[in-house]
Amino acid sequence: MGSGPPGPAEEDALEPTAPPVRAAIVTVDDDPGVSRAVARDLRRRYGDRYRVVRAESGPETLDALRELALRGEDVAVILADHRMPGMTGVELLEQAMDLFPAARRVLLTAYADTDAAIEAINVVDLDHYLLKPWDPPEEKLYPVVDAQLEAWRATDRRRPEEAVVVGHRWSARSSQVREFLARNRVPYRWYASDSDKGTRLLAAAQADAATLPLVVTPGGEALVAPDDATLAEKVGLATTPTEAFYDLVVVGGGPAGLSAALYGASEGLRTVLVERTATGGQAGQSSRIDNYLGFPDGISGGQLAERARRQAVRFARRSSRHGTPWSSSSREPRAGCGSATGRRSTRTP
Amino acid sequence: MRFGDGSSIDAHAVILASGVTYRLLDGPGLADLVGRGVYYGSALTEAAACEDQEVYVVGGANSAGQAALYLARLAKQVTLVVRGDELSRSMSAYLVEQVEAHPRVRVLTRTEVVSATGDDHLEHLELRDVDTGAVTCVECGWAFVFIGAAPHTDWLDGLVARDARGYVLAGPDLTQDGAPPTGWTLDRVPYHLETSVPGVFAAGDVRSESAKRVASAVGEGAMAVMLVHRYLEQL
């Protein structure tokens, strides 16, 4: 089939997981009055084009951002107060970068926080720094937000192209496919096979309801009931090691494996990491780890794994004398006479 | 190392860090409903669908507690089903406090899941009181299972020494009374995280006697690389 789903671009209102069209403007301030006032002003001007999301603490904002990410929605601007108990605005923006790297970051501070805010500009690559009070919004707030929205629309976010999954609402394999994509951070939209959109997609791909799930890759290729290995390859996960020989093979992409790959690569060993499903291991599926050293506000296992993966890749690039430093594969390692299922490998030479 | 698709790669050293997978609940109907109301370790993916629903989380370890708290943000009520008599035996104190303080999380101790029923999707769970044996049937559309874990090490059979439950033995756990493991040919004993095969190391949950904590796994991964260096120097 061609690129993208066929038919009109409207959303199926009955699909609970189908994302709405509007990107979000997120605002946070620990003073509920201020938080409400900022949100009110934002809604008045942008409410028709953007969804305004309001929070009163850093952790609450992160929860909201995760929820948005989970639903495949986009965030255009994050407007954060700096001085908040528990988590400062700068700390929040730093963590938010993991979830929505393209979102524009604006700090809204009182005059007394100026120094701290300026110092933090480098840490979080702040896009703008706005002084309270923001009244009248027409003069102080809207011009800033207008400029940020314009910059956001102009960025080549290349809104990570989405895969589409069509399956039975209650099918084990459909659920597995969605989890595989989610854990590998491949954005996707999900349509039940009996929904209007699902039916149209099945017809367009000439697939029938007996062979589900149907996966349409971002490139427009239709895969009928793919196994994990095929899926990994077609959605662009690296599946083949680029060398025949390594100093070190790490089997497994959880915390221990990612740590081993990172240290191996950073110390100059030609290293490959082999993983069956997705990086993160059991910890990667944890919604919140509160007692891991160095993260006083907790961190989700998925975020921790993604940060570790990026870090390992960076070291791999730095010490790489060859081409692509990162490849992975759906394959199972075998020693002697072992068995075989899908396993993904990630190379960090 | 050979792979399922027939290809292979060679290497000087290997670090086994394949971790564990959740153990499957045993009982009538439970296997059939996986992905249709019964889920293993996928609280994040399915959480949005549980809004205002009755949810059961099975297991008493940290992963179960974290999932219960996460799901409780949207669910009507989350019931944590635990086989032991106290949550604190298996869960970190900070999580026990949060779980017990949460208005929409309740804990059923000394209880286990025996079976599940449902046509298209999970509809009922049968729970058994471990002490009295009494079975009750509850209405439930969502069950998330986090019971125990098993290492996935069958592919190492006959090559790397493992304990009775399949965890990989390493370092001091291999040397009984100071004697190296059978088949060990070097004149040194295995390094701390080294398995019964020289140059093959184990780190994290897959290792026998591991601490099952993220920080320990990260530490062991780093330490294994240090030992790989020591091993490579002697090649």
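Start with Gly65(B), which is buried at 0% relative accessibility. Keep in mind as you look around that this is a predicted model. Gly65(B) sits in helix α2 of chain B. Leaving out residues up to four places away in sequence, Gly65(B) touches Met91(B), Leu95(B) and Val99(B). There's also a pairing worth finding on screen: Gly65(B) and Ser92(B) are 27 residues apart in sequence, and their C-alpha atoms are 9.0 Å apart in space.

From there, widen the view to the largest nonpolar core, which has 44 residues. Which of its members touch the most others? They are Val55(B), Val57(B), Val78(B), Leu80(B), Leu125(B) and Phe144(B). Several elements of chain B each put at least two residues into this core, including β5 (54–58), β6 (77–81), β9 (124–129) and the helices α2 (62–71) and α3 (93–101). The largest share comes from α2(B), with six residues.

Leu80(B) is a handy place to see who meets whom. With residues up to four places away in sequence left out, Leu80(B) touches Val57(B), Gly59(B), Ala64(B), Ala68(B), Leu87(B), Met91(B), Val99(B), Arg106(B), Val107(B) and Leu108(B). Elsewhere there is a second, separate core of 24 residues, and that one includes Val250(A) and Leu258(A) as well as Ala13(B) and Val225(B).

Staying in chain B a little longer, look for Thr153(B), in the loop between β12 (149–151) and β13. Is this loop residue buried or exposed? Thr153(B) is buried, with a relative accessible area of 1%. Beyond residues up to four places away in sequence, Thr153(B) touches Arg162(B), Gly166(B), Val168(B) and Val206(B). Lys212(B) is in another loop, the one between β13 (200–202) and α4 (214–233) of chain B. Lys212(B) is partly exposed, at 36% relative accessible area, and has a positive phi of about 55° although it is not a glycine.

Chain A has a residue of that kind too. Ala225(A) isn't a glycine, yet its phi is positive, at about 45°. You'll find Ala225(A) in the loop between β9 (222–224) and α9 (228–234) of chain A. With a relative accessible area of 40%, Ala225(A) is partly exposed.

While you're checking backbone geometry in chain A, go to the loop between β5 (128–131) and α5 (137–140), where Pro133(A) is found. The peptide bond from Lys132(A) to Pro133(A) is cis, with omega near -5°. Pro136(A) also lies in the loop between β5 and α5 of chain A. The bond leading from Asp135(A) into Pro136(A) is cis as well, with omega near -10°.

Now for how the helices of chain A pack. Two packed helices are described by the angle between their axes and by the distance between those axes. Take α2 (residues 58–70) and α3 (residues 89–99) of chain A: their axes come within 10 Å and cross at roughly 10°. The angle is under 35 degrees, so α2(A) counts as roughly parallel to α3(A). On the α2(A) side, the contact is made by Gly58(A), Thr61(A), Leu62(A), Leu65(A), Arg66(A) and Ala69(A), and α3(A) brings Leu92(A), Gln95(A), Ala96(A) and Leu99(A). By class, these residues divide into six nonpolar, three polar and one charged.

Some of those names come up again around Gln303(A), which lies in helix α11 (residues 301–319) of chain A. Gln303(A) is buried, with a relative accessible area of 2%. Setting aside neighbours within four places in sequence, Gln303(A) is in contact with Arg66(A), Gln95(A), Asp98(A), Leu99(A) and Arg185(A).

The other helix pair to inspect is α1 (residues 32–46) with α6 (residues 142–154) of chain A, which pack at an angle of about 60° with axes 11 Å apart. How does that make α1(A) lie relative to α6(A), and why? At that angle α1(A) is oblique to α6(A), because roughly perpendicular runs from 65 to 115 degrees. The crossing of α1(A) past α6(A) is right-handed. From α1(A), the contact uses Asp41(A), Leu42(A), Arg44(A), Arg45(A) and Tyr46(A), while α6(A) supplies Tyr142(A), Val145(A), Asp146(A) and Leu149(A). The contact of α1(A) with α6(A) has five nonpolar, no polar and four charged residues.

Conventions
Residues are numbered from 1 along each chain as its sequence is written. Chains are lettered from A and ligands numbered from 1 in the order in which they are written. This is a predicted model: local features need pLDDT of at least 70, side-chain atom pairs count only at pLDDT 80 or more; totals for chains, interfaces and linings use all residues. Side-chain values use heavy atoms; hydrogens and water are left out. A nonpolar core is a set of buried Ala, Val, Leu, Ile, Met, Phe, Trp, Tyr and Cys residues joined through side-chain atoms within 4.5 Å. Buried means under 20% relative accessible area, exposed over 50%, partly exposed in between (1.4 Å probe, protein chains only). Helices (H or I, at least four residues) and strands (E, at least two) are DSSP runs, numbered from the N terminus. Contact means heavy atoms within 4.5 Å. Axes are lines fitted to C-alpha atoms, for helices over the stretch in contact, and angles run from 0 to 180 degrees between N-to-C directions. Angles under 35 degrees count as roughly parallel, over 145 as roughly antiparallel, 65 to 115 as roughly perpendicular and the rest as oblique. Ala, Val, Leu, Ile, Met, Phe, Trp, Tyr, Cys and Pro count as nonpolar, Asp, Glu, Lys and Arg as charged, and the others, Gly among them, as polar. A crossing is left-handed if the near helix is turned anticlockwise from the far one by less than a right angle, and right-handed if clockwise.
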